[in-house]
Amino acid sequence: MAFISGDEMKKVAVKHLTQYEICWCVELAECRLRGEAVREPIPNYCADWSKAGPIIERERIYLREAINGSGRAIASCANTDLFAEHSNMLVAAMACYVLATFGDVVEIPK
């Protein structure tokens, strides 16, 4: 999902984002911190602990298994009531980061 200035955008609830779309949003947030533009290829933050780990530590995202025995992962953001749930710990953590950075709904390229 390469983004070119002028591309049409769509609004999507974070809970409905695909893993790639979550990674794109994470990269957008990280590039904004560095004052850079998003470039391809997008790092796979949802599968690579070496990419996601520093964000999890910096943003103080807490990970745990759901207590209902479902095997799902829950990520919560420090000092907020935000949380994300997924079957994968990194996806939950990165979705939580996207929620904390952009809110419940994000704009991504169509």
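**Figure 1. Arg 60 in the loop between helix 2 and strand 2 of the predicted model**. Arg 60 is partly exposed, because its relative accessible area is 40%. The residue follows helix 2, and its phi is near 50°, a positive value in a residue other than glycine.

**Figure 2. Asn 79 in the loop between strand 3 and strand 4**. The strand that follows this loop, strand 4, spans residues 83-86. Phi of Asn 79 is near 60°, which is positive although the residue is not glycine. Asn 79 counts as exposed because its relative accessibility is 72% and the class begins over 50%.

**Figure 3. The cis peptide bond from Glu 40 to Pro 41**. Omega of this bond is near -5°. Pro 41 lies in the loop that joins helix 1 to helix 2.

**Figure 4. Packing of helix 1 against helix 3**. Helix 1 comprises residues 19-34 and helix 3 residues 89-102; their axes come within 9 Å and cross at roughly 50°. The two helices are therefore oblique to each other, and helix 1 passes helix 3 in a left-handed crossing. From helix 1, the contact draws on Gln 19, Ile 22, Cys 25, Val 26, Leu 28, Ala 29, Glu 30, Arg 32 and Leu 33. Helix 3 meets them with Val 91, Met 94, Ala 95, Tyr 97, Val 98, Thr 101 and Phe 102. Sorted by class, the contact of helix 1 with helix 3 contains 12 nonpolar, two polar and two charged residues.

**Figure 5. Packing of helix 2 against helix 3**. The axes of helix 2 and helix 3 are 10 Å apart, at an angle of about 50°. Helix 2 and helix 3 are therefore oblique to each other, and their crossing is left-handed. Helix 2 makes the contact through Trp 49, Ala 52, Ile 55, Ile 56 and Arg 58, and helix 3 through Met 89, Leu 90, Ala 93, Met 94 and Tyr 97. By class, the contact of helix 2 with helix 3 has nine nonpolar residues, one charged residue and no polar residue.

**Figure 6. Buried residues of helix 2**. These residues are Ala 52, Gly 53, Ile 55 and Ile 56. Their packing partners are helix 1, helix 3 and strand 2, the last of which spans residues 61-65.

**Figure 7. The largest nonpolar core and its residue Leu 17**. The core has 33 residues, and those with the most contacts inside it are Leu 17, Ile 22, Val 26, Met 94 and Val 98. At least two core residues come from each of helix 1, helix 2 (49-58), strand 3 (73-77), helix 3 and strand 5 (105-109). Helix 3 supplies the largest share of this core, 10 residues. Beyond its neighbours within four places in sequence, Leu 17 is in contact with Val 12, Ile 22, Cys 25, Val 98, Val 106 and Ile 108.

**Figure 8. Leu 99 in helix 3**. Leu 99 counts as buried because its relative accessibility is 13%, whereas the limit for this class is under 20%. Apart from its neighbours within four places in sequence, Leu 99 is in contact with Val 14, Leu 82, Phe 83, Ala 84 and Asp 104. Leu 99 and Asn 44 are separated by 55 residues in sequence and by 18 Å in space, C-alpha to C-alpha.

Conventions. Residues are numbered from 1 along each chain as its sequence is written. This is a predicted model: local features need pLDDT of at least 70, side-chain atom pairs count only at pLDDT 80 or more; totals for chains, interfaces and linings use all residues. Side-chain values use heavy atoms; hydrogens and water are left out. Axes are lines fitted to C-alpha atoms, for helices over the stretch in contact, and angles run from 0 to 180 degrees between N-to-C directions. Helices (H or I, at least four residues) and strands (E, at least two) are DSSP runs, numbered from the N terminus. Angles under 35 degrees count as roughly parallel, over 145 as roughly antiparallel, 65 to 115 as roughly perpendicular and the rest as oblique. A crossing is left-handed if the near helix is turned anticlockwise from the far one by less than a right angle, and right-handed if clockwise. Contact means heavy atoms within 4.5 Å. Ala, Val, Leu, Ile, Met, Phe, Trp, Tyr, Cys and Pro count as nonpolar, Asp, Glu, Lys and Arg as charged, and the others, Gly among them, as polar. A nonpolar core is a set of buried Ala, Val, Leu, Ile, Met, Phe, Trp, Tyr and Cys residues joined through side-chain atoms within 4.5 Å. Buried means under 20% relative accessible area, exposed over 50%, partly exposed in between (1.4 Å probe, protein chains only).
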